[in-house]
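This report describes how two protein chains are built and how they meet. Read it with the structure in view.

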Amino acid sequence: MKVGISNLEETPLLKLDGDIDHSNCGTLEKALEEVIDPQTQAVLLDLESVDYIDSGGLSVILATLRQLRGRGWLGAIAPNGNVTRLLEIVGLLVDPHFRVFADRDEAKAYLAKAAG
Amino acid sequence: MIASAAHREFEKVFRARADTSELAAIRRFVEQIALEVALDVERIFDLKVAVSEACANALEHAGCESGWLEVCARCEGHRLTFIITDRGLFKPPSAERRECPNRGMGLPLMVALMDEVSFARTPGGGTQVSLSVFLDKDATLSL
């Protein structure tokens, strides 16, 4: 799995590419540690190029959400149908601090609106 | 209702080094088997996740002292089963594990994604996890 770090409307954006499993979820964890500071209110994960995720990756997403819960939210961009089913099974889709966006444009529009 | 003909019966074993870097190869094995019995993409994904979780548990908890992990795929009648057997001893959660409350999702995922999950203690003291999907589900249910 490759991780590309950038920003979307000043919000950290991690573009993930490849399978996320128990062998490489530490890479995602480290990348998130790198972009999140005590002031970070939101983080975006672009999952468009992620075909597979297991509990290794889901654990990292849940831990990040817990970290942001008091002050903001975590967003997933373009998860495929199978990944979305797993996000649902672990309860992320009903978490008020978790957002799913169809694409980057939708995420960008949401951020612009939130910025007011 | 007449049940459809059973699938061809077979058993195949995949042997991998006991290391998480082998999980991708194990998933390719699962996909190849699932394609042989013409499962759809969702069921293939479910099996890849469930088998991967069982293997990750075996690697983490049981240590796989032999240095190898074996995944057996068995197709019998209307059922495809993956059997993951480890020979190591179960290790209780470590302090590090308790500090990470989101761990331990593997078992709930296996149960949510599979039609049947079972665990057994092997005579050697290891653990065997069996993960099954029912093939031709409608036909199976009508039996």
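Two strands pair if DSSP finds at least two bridges between them. Helices (H or I, at least four residues) and strands (E, at least two) are themselves DSSP runs, numbered from the N terminus. The model is predicted: local features need pLDDT of at least 70, side-chain atom pairs count only at pLDDT 80 or more, and totals for chains, interfaces and linings use all residues. Residues are numbered from 1 along each chain as its sequence is written, chains are lettered from A and ligands numbered from 1 in the order in which they are written, and side-chain values use heavy atoms, with hydrogens and water left out.

**The sheet of chain A**

Chain A has an open sheet of five strands in the order E1-E2-E3-E4-E5, with mixed pairing. Strand E1 (2-8) and strand E5 (98-101) of chain A are at the edges with a single partner strand each, so one side of each has no neighbour in the sheet. From one strand to the next, the twist averages 25°. Angles here run from 0 to 180 degrees between N-to-C directions, and axes are lines fitted to C-alpha atoms, for helices over the stretch in contact.

Within this sheet, strand E2 (residues 11-17) and strand E3 (residues 42-49) of chain A run parallel and are joined by four bridges. Asp17(A) has Ser49(A) of E3(A) opposite it.

Two helices lie across the strands, judged by contact, which means heavy atoms within 4.5 Å. Helix H1 (residues 25-35) of chain A crosses E1, E2 and E3 of chain A and runs at about 165° to E2(A). Helix H4 (residues 104-115) of chain A lies across E1, E2, E3, strand E4 (73-77) and E5 of chain A, at about 130° to E5(A).

**The sheet of chain B**

Chain B also has an open sheet of five strands, in the order E1-E2-E3-E5-E4, and the pairing is antiparallel. Its edge strands, E1 (10-17) and E4 (116-121) of chain B, each pair on one side only. The twist in this sheet averages 15° from one strand to the next.

E1(B) pairs with strand E2 (residues 68-76) of chain B over eight bridges in the antiparallel sense. E2(B) is in turn joined to E3(B) by seven bridges, and these two strands also run antiparallel. The table lists bridge partners in chain B.

| Residue | Partner | Strand of the partner |
|---|---|---|
| Lys12(B) | Ala73(B) | E2(B) |
| Phe10(B) | Cys75(B) | E2(B) |
| Cys75(B) | Leu80(B) | E3(B) |

E2(B) and E3(B) form a hairpin with two residues between the strands, where Gly77(B) takes a positive phi near 55°.

**Where the chains meet**

The size of an interface is often given as the accessible area lost when the parts come together. Buried area is that loss, found with a 1.4 Å probe and summed over both parts. Chain A and chain B bury about 1700 Å² between them, 61% of it on carbon and sulfur atoms. Of the area that chain A buries against chain B, His22(A), Tyr52(A) and Arg85(A) supply 31%, more than any other three residues. In terms of contact, 20 residues of chain A meet 22 residues of chain B.

Seven residue pairs are in polar contact between the chains, both residues being at pLDDT 80 or more. A polar contact is a pair of N or O atoms within 3.5 Å; within protein, one must be able to donate a hydrogen and the other to accept it, and residues adjacent in sequence count only if both atoms are side-chain atoms. Helix H2 (55-68) and helix H3 (81-89) of chain A each supply at least two residues of the side of chain A that touches chain B. H2(A) gives the most to that side, with six residues.

**Charged pairs**

Side chains of opposite charge can pair when their charged atoms come close. A salt bridge is a side-chain nitrogen of Lys or Arg within 4 Å of a carboxyl oxygen of Asp or Glu. The whole structure has 16 salt bridges over all chains, and the count between chain A and chain B is four.

Arg27(B) forms a salt bridge with Asp21(A), with the closest N and O atoms 2.9 Å apart. This pair runs from helix H1 (residues 23-36) of chain B to the loop between E2 and H1 of chain A.

What does Arg85(A) touch, leaving aside its neighbours within four places in sequence? Arg85(A), in helix H3 of chain A, is in contact with Glu42(B), Phe45(B), Asp46(B) and Leu113(B). Glu42(B) forms a salt bridge with Arg85(A), the closest N and O atoms being 4.0 Å apart. The side chain of Arg85(A) also has a polar atom 3.4 Å from the backbone oxygen of Glu42(B), and makes a polar contact of 2.8 Å with the side chain of Asp46(B).

Definitions and conventions
Buried area = accessible area lost by both parts, 1.4 Å probe.
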